[in-house]
Amino acid sequence: MAQRIKKGDTVIVMRGREKGKTGEVIKVLRDENRVVVKNVNLVKKHVKEIPNVREGGIYEIEAPIHISNVMLLCPKCQKPTRVGIRVVFEGDSIRKYRYCKKCNENIDLIREKARVKR
Ligand SMILES: [Zn+2]
């Protein structure tokens, strides 16, 4: 399946204790269908000191959340939306875009291929 949420996207949490929070996707764990969102789902982690490398202590880090619990915040209409994939034939190219299912605008180009002439 095509990747619908990408690093750098702004998403909104739809479920759980952090429902309604928004943040930037900083990592996509494709095999687990999870994403790491900046400042969302913070958990405390005890970290041991490594001399000359880092100090020990308790750090807050973002735990991954399941991709089905977030929705993309559309950069065009600012609404939480499902992302569709649209294939467009433009001149000599086949272009794949992600689009917003709310406002129907293209969000970004995800792939471009040369069209094979017969
Ligand atoms: Zn939209």
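## The zinc site

Let's start with the metal: four sulfur-bearing residues, C74, C77, C100 and C103, coordinate the zinc ion through their SG atoms at 2.3 Å. Keep in mind as you look around that this is a predicted model.

Along the sequence, the donor residues follow the spacing C-x2-C-x22-C-x2-C. In space, the 4 donor atoms subtend angles of 103 to 118 degrees around the zinc ion, so the arrangement is tetrahedral. That label requires all angles to lie between 85 and 135 degrees.

Are C100 and C103 buried or exposed? C100 has 0% relative accessibility and therefore counts as buried. C103, at 28% relative accessibility, counts as partly exposed, because the partly exposed class lies between the cut-offs of 20% and 50%.

## The sheet

Now turn to the strands. Three of them form an open sheet in the order β9-β10-β11, with antiparallel pairing. The edge strands are β9 (83-90) and β11 (106-114), each of which pairs on one side only. On average, neighbouring strands in this sheet are turned by 25 degrees against each other, if direction is ignored.

In general, strands of a sheet pair through backbone hydrogen bonds, in a parallel or antiparallel way. Here, β9 and β10 (residues 93-100) run antiparallel and pair over 8 bridges. To see this pairing up close, find F89, which stands opposite I94 in β10.

## Around the aromatic rings

Which residue lies over the face of Y99? It is R86, at 4.0 Å from the ring centre. As for rings pairing with each other, a search of the whole structure turns up 0 aromatic pairs.

Conventions
Residues numbered from 1 in each chain as written. Predicted model: local features only at pLDDT ≥ 70, side-chain atom pairs only at ≥ 80, totals over all residues. Heavy atoms only, no water. Phe/Tyr/Trp six-rings, centres within 6.5 Å; stacked < 30°, edge-to-face > 60°. Lys NZ or Arg CZ within 6 Å of the ring centre and 35° of its normal. Donors = N, O, S within 2.8 Å, 3.2 Å for Na, K, Ca; no water. Tetrahedral: all angles 85-135°; square planar, octahedral: opposite > 155°, others 65-115°. Buried < 20%, exposed > 50% of the residue type's maximum accessible area, 1.4 Å probe, protein only. Pairing = 2+ DSSP bridges. Helix = DSSP H or I, 4+ residues; strand = E, 2+ residues; numbered from the N terminus. Axes fitted to C-alpha atoms, helices over the stretch in contact; angles between N-to-C directions.
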